[in-house]
Number of protein chains: 2
Amino acid sequence: MTTQLITPTQSAYAYPLLIKHLLNTPLIYSPDQEIVYRDCFRYDYKTLGKRIKQLASMLKAQGVKPGDTIAVMDWDSHRYLECFFAVPMMGAVLHTVNIRLTSEQLIYTINHAEDDIILVNEEFLPLLESVKDRFETVKKVIVLSDKGAIPASSIEFSGEYEALVSDAVPEYTFPDFDENTMATTFYTTGTTGLPKGVFFSHRQIVLHTYGVMAGLTAYKSQANISSADVYMPMTPMFHVHAWGMPYLMTLLGAKQVYPGRYEPETLLKLIVGEQVTYSHCVPTIMNMLITSPSIKDVDLKGWKVIIGGSALSKGLCKEALGHGINLFTGYGMSETCPILTLSNLKPHMLEWGEDEQVEIRCKTGLPIPEVQLEVVDVEGNPVAHDGQTPGEVVTRTPWLTQGYVKSGEQSEELWKDGWLHTGDIGVIDQEGYLRITDRLKDVIKTGGEWISSLELEDIISQHEAVNEVAVVGITDEKWGERPMAMVVLKEEFQGKISEKDIQEFCMTFVEKGQIPKYGVPGKIVLDAVIPKTSVGKISKKDIRGTYGENLN
Amino acid sequence: MTTQLITPTQSAYAYPLLIKHLLNTPLIYSPDQEIVYRDCFRYDYKTLGKRIKQLASMLKAQGVKPGDTIAVMDWDSHRYLECFFAVPMMGAVLHTVNIRLTSEQLIYTINHAEDDIILVNEEFLPLLESVKDRFETVKKVIVLSDKGAIPASSIEFSGEYEALVSDAVPEYTFPDFDENTMATTFYTTGTTGLPKGVFFSHRQIVLHTYGVMAGLTAYKSQANISSADVYMPMTPMFHVHAWGMPYLMTLLGAKQVYPGRYEPETLLKLIVGEQVTYSHCVPTIMNMLITSPSIKDVDLKGWKVIIGGSALSKGLCKEALGHGINLFTGYGMSETCPILTLSNLKPHMLEWGEDEQVEIRCKTGLPIPEVQLEVVDVEGNPVAHDGQTPGEVVTRTPWLTQGYVKSGEQSEELWKDGWLHTGDIGVIDQEGYLRITDRLKDVIKTGGEWISSLELEDIISQHEAVNEVAVVGITDEKWGERPMAMVVLKEEFQGKISEKDIQEFCMTFVEKGQIPKYGVPGKIVLDAVIPKTSVGKISKKDIRGTYGENLN
């Protein structure tokens, strides 16, 4: 190849893709638009712009230099939003700490990421105090309090966030630097072993923001959002930057509502009071909301919600649509920044009836712009796009983690042949929609066949008595593995439904040819408490630990 | 600065921003959507994808290698769209030739760009034949014909485009390469001297596409387009890639209509027949359409049209709005890829009455995402955003030409202190809207003051009898310069309006304090033929040449 290169050699021409530039448009387009934090704070974009400068001034005064790592432990808040911008804009790295980690995991991630300063909400002080003696790199701790007071603690604080920010000089010139500068890092809690850190650059976050914008705003579908939407996250800001949506919604200059912790009453009150029109969450949170007693008193018509983290079951989708909620699927993972696909309806599908639309809304979706996505067999060859042939989902886009922090070996497992391997099993249909059928390690290998645990969950969720369900493969001498289901019944059905009722319901899908007979779970645990991971996903590892080893 | 860099060193992680990736989404999202060329061709996106591969195969068979330059001389067509993608996707450079150049300018640009192959529409053969003996680098010429036959010519052709493409193998693997690889080049026809070549990389075109997408789709305004729009360009594809819109509308998978040459009858027929909803053009073309007799028979309600190239006068804007056309302004130049601003109405302005909206629609607009734009005084300091204080418009974005082809000196004039200097004079108001008041060299310096020739044009265009107007400064012993206006009257007013009528009309604006008394043109030429440049802009250079030297 001897192409003609015009690489910008003089800095005069270079315009790196930096997070700071995402602020240009909203400060001109909607300086008076609101940012809301529960019932505690409310200010406009002009103030956001000013506070980002104040936060940077404050951090600099605390000794923060480019290349330092700043850890944040907070509920979803305006403070977190300020950190999303100010920390990377200074050239420092934002470490969003998973506040649901055990203390052992917490201190591991703090030391592994080499955090210099920790910003911690007073509610997490007991957790942080328990490990403070094991800090290896932390120099200072700043406390975050809704009340604005410094609480009693065995930790010596450098100050309280709100007071420090308010007092700081509102002038700060954010420098230009290489767009490949690391901007954020956070740790995924895998099913085994120690947490693994992923990391993203300014370029990656900026391009992810535009890719998601394209997928959500430009293609006619049920999913269209715009600057006129009112946004409230319901997946935490510590987890993959709340899917990067705070960056997108800030770029759009849209009204943003940060709810703190996710209590159904608070969420519903904010949705109604602040006229929220756009959110995203895992199925568990949506389920919690629509089974909350308060749901009867609120009007959720037109509320657009992207469901991710786990598959959206048809049962939950129909129930949410019944409340007027415009529910659809998004897909990605910590390693992918995260968004890869959205289950946008194509224009001709907007005319379809609800049942047909539910089929699409519950699919994993179409790749958004700049995402290349394939489903490949064990040799790495793409399989047919026939909606039938499964394979592993692999992807290329500009916003994939290059590996795990300080872990060459795990990176090699993630990246093969220039593609990131997701560890998900899926099929792509003729229309191009991906449907994840399972995790590579959750597939149930029974009678020489693969059965998808997610497909079984989807079927069982359609039973009128079922509130929540988890299916795993447990060891079986004859079959290798057999599916087992844990079911949470709806309150009004408790004690009225037997294991056999669920099995008979599954048999009707055997009769329709949708699953083989040996796909009907041999064991069904009713009125179970389904174990969850720290981010609210069903923990199949824990279920298998309790009920029998999966052989994979 | 010691930031943490995570530059992708292994090609496994690198995902360069390449034009080929713009095709991923439409081929999945809307493979059956149509591309239309006049009444000659009509095919779907699947076929577009196939033909782009066939075109690359064909060019490779003709000897094209990465780094070669392929010149195209064609009207707006599906062929041109295919070249927009296939040529840069191969790693070659697309030279879009201005077909309105003189033969001297033409051969200068062909030799200066070092074109290897020329693709020429048979209609431009007389022009090309006149210079073929002076080719320095051209090896082959391929002829483009709507009829599909090879015409008689003194040039020996390597074949006819349609036949060569149809016969070519529809398999081609477009390689990955550096995103800073040059993708396109074309020449601007300045007011003095030889044409100057500008050039853009894959990265620049891709980022421009997302920036324009953001500006047009994501912010609630009158301007919103989406994949559901039907697009037809009315600024030529040879001129700044038709503002980059063919790249954007292809990424959106939208229906596209290519009209060949711009004859009012053809354009109106296509708008109605193909249900065109979105276009862009210079004021001259819009004026030609709405003064065409056929306008009475067509319904143009809801047709969104961006006006660029020259200022949109309030007179033209009101007239177009009267026809139901949703008219607004876009701004940029050849050197800026081109789009920098769009006159999006902010949400609260959507409720305004027509007159107030016209004020905004005729402004130069708000910067689109990733564009930094300032108005600076002679020392390079930003002036107040008060809607009053003029300065030169300077900009930074990821999509600016680094200079002119093989011309270091001119590049230094373009770039100063890390900002591209547009040579335009403008003001920014409190809402952030830029309004270009003049070209630096067209400002009329009279009585110690600067008067904007564009402001005077805007005022005179509001007279009911005026169809078109151009104002220049001509030498005046007493005042230094005085404004002179050339006016084209509407047919029904011809012979009924005097120079004095126009001057009296201008005096009403003097009384309102909008212009000083010495701003009233001392000389007014009625029933003039206003000279235009090759891209349809008013040529003030030619006017000054005829009526007296401007002293700048």
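How many salt bridges does the rule find across the interface of chain B and chain A? The count there is 4. Before going further, keep in mind that you are looking at a predicted model.

**How the two chains sit together**

Two copies of a chain are related by a rotation about an axis and a shift along it. Here, a turn of 180 degrees and a shift of 0.0 Å along the axis lay chain B on chain A, with an RMSD of 0.0 Å. That is how a two-fold axis relates its copies. The interface fits that picture: 100% of the interface residues of chain B are also interface residues in chain A, so the copies meet through the same surface.

What does each chain bring to the contact? Chain B puts in 70 residues, and chain A puts in 70 residues. The size of an interface is often given as the accessible area lost when the parts come together. For chain B and chain A, the buried area is about 6100 Å², and carbon and sulfur atoms give 60% of that.

Back to the charged pairs. One salt bridge that crosses between the chains joins B:E179 to A:R203, with the closest N and O atoms 2.8 Å apart. The interface of chain B and chain A also has 23 residue pairs in polar contact, counting pairs where both residues are at pLDDT 80 or more. On the chain B side, α1 (24-29), β8 (196-201), α7 and β15 (366-367) each supply at least two of the residues that touch chain A. The largest share comes from α7(B), with 9 residues. Sorted by class, this side of chain B has 38 nonpolar, 23 polar and 9 charged residues.

**Salt bridges inside the chains**

Over all chains, the rule counts 72 salt bridges. Here are a few that stay within one chain:

| Salt bridge | Closest N to O |
|---|---|
| A:K46 and A:D32 | 2.5 Å |
| A:E179 and A:R203 | 2.9 Å |
| B:D458 and B:K314 | 3.2 Å |

Take the pair A:K46 and A:D32, which form a salt bridge. A:K46 is in helix α2 (residues 45-61) of chain A and A:D32 is in the loop between α1 (24-29) and β1 (34-37), so this pair ties together parts 14 residues apart in sequence. A:K46 is partly exposed, at a relative accessible area of 46%, while A:D32 is exposed, at 56%.

A:E179 and A:R203 also meet in a salt bridge. A:E179 belongs to the loop between α6 (161-167) and β7 (182-188) of chain A, and A:R203 to helix α7 (residues 202-218) of chain A, so the pair links parts 24 residues apart in sequence. Are these two buried or exposed? A:E179 counts as buried at 9% relative accessibility, and A:R203 is buried with a relative accessible area of 10%. A:R203 is also the residue that B:E179 reaches from the other chain.

In chain B, B:D458 and B:K314 form a salt bridge. B:D458 lies in helix α15 (residues 453-461) of chain B and B:K314 in helix α12 (residues 314-322) of chain B, so the pair ties together parts that are 144 residues apart in sequence. Both B:D458 and B:K314 are buried. Elsewhere, A:E34, A:R42, A:K255 and A:E274 are joined into one network by salt bridges that share partners.

**Helix α15 in chain A**

Why can α15 (residues 453-461) of chain A be called largely enclosed by the rest of the structure? It can because 7 of its 9 residues are buried. Among the buried residues of α15(A) are A:L456, A:D458 and A:I460. At the N-terminal end of α15(A), A:S452 acts as a cap: a side-chain oxygen lies 3.2 Å from the backbone nitrogen of A:L454.

**A look at B:Q222**

Where is B:Q222 found? You'll find B:Q222 in the loop between α7 (202-218) and β9 (230-231) of chain B. B:Q222 is buried, with a relative accessible area of 10%. The side chain of B:Q222 reaches the backbone oxygen of B:S343 at 3.2 Å, and also the backbone nitrogen of B:L345 at 2.7 Å. Setting aside neighbours within four places in sequence, the residues in contact with B:Q222 include B:K304, B:N326, B:F328 and B:R361.

Conventions
Residues numbered from 1 in each chain as written. Chains lettered and ligands numbered in written order. Heavy atoms only, no water. Helix = DSSP H or I, 4+ residues; strand = E, 2+ residues; numbered from the N terminus. Buried < 20%, exposed > 50% of the residue type's maximum accessible area, 1.4 Å probe, protein only. Polar contact = N/O pair within 3.5 Å; in protein donor to acceptor, adjacent residues only side chain to side chain. Contact = heavy atoms within 4.5 Å. Least-squares fit on C-alpha atoms with pLDDT ≥ 70 in both. Buried area = accessible area lost by both parts, 1.4 Å probe. Salt bridge = Lys/Arg side-chain N within 4 Å of Asp/Glu carboxyl O. Nonpolar A, V, L, I, M, F, W, Y, C, P; charged D, E, K, R; others polar.
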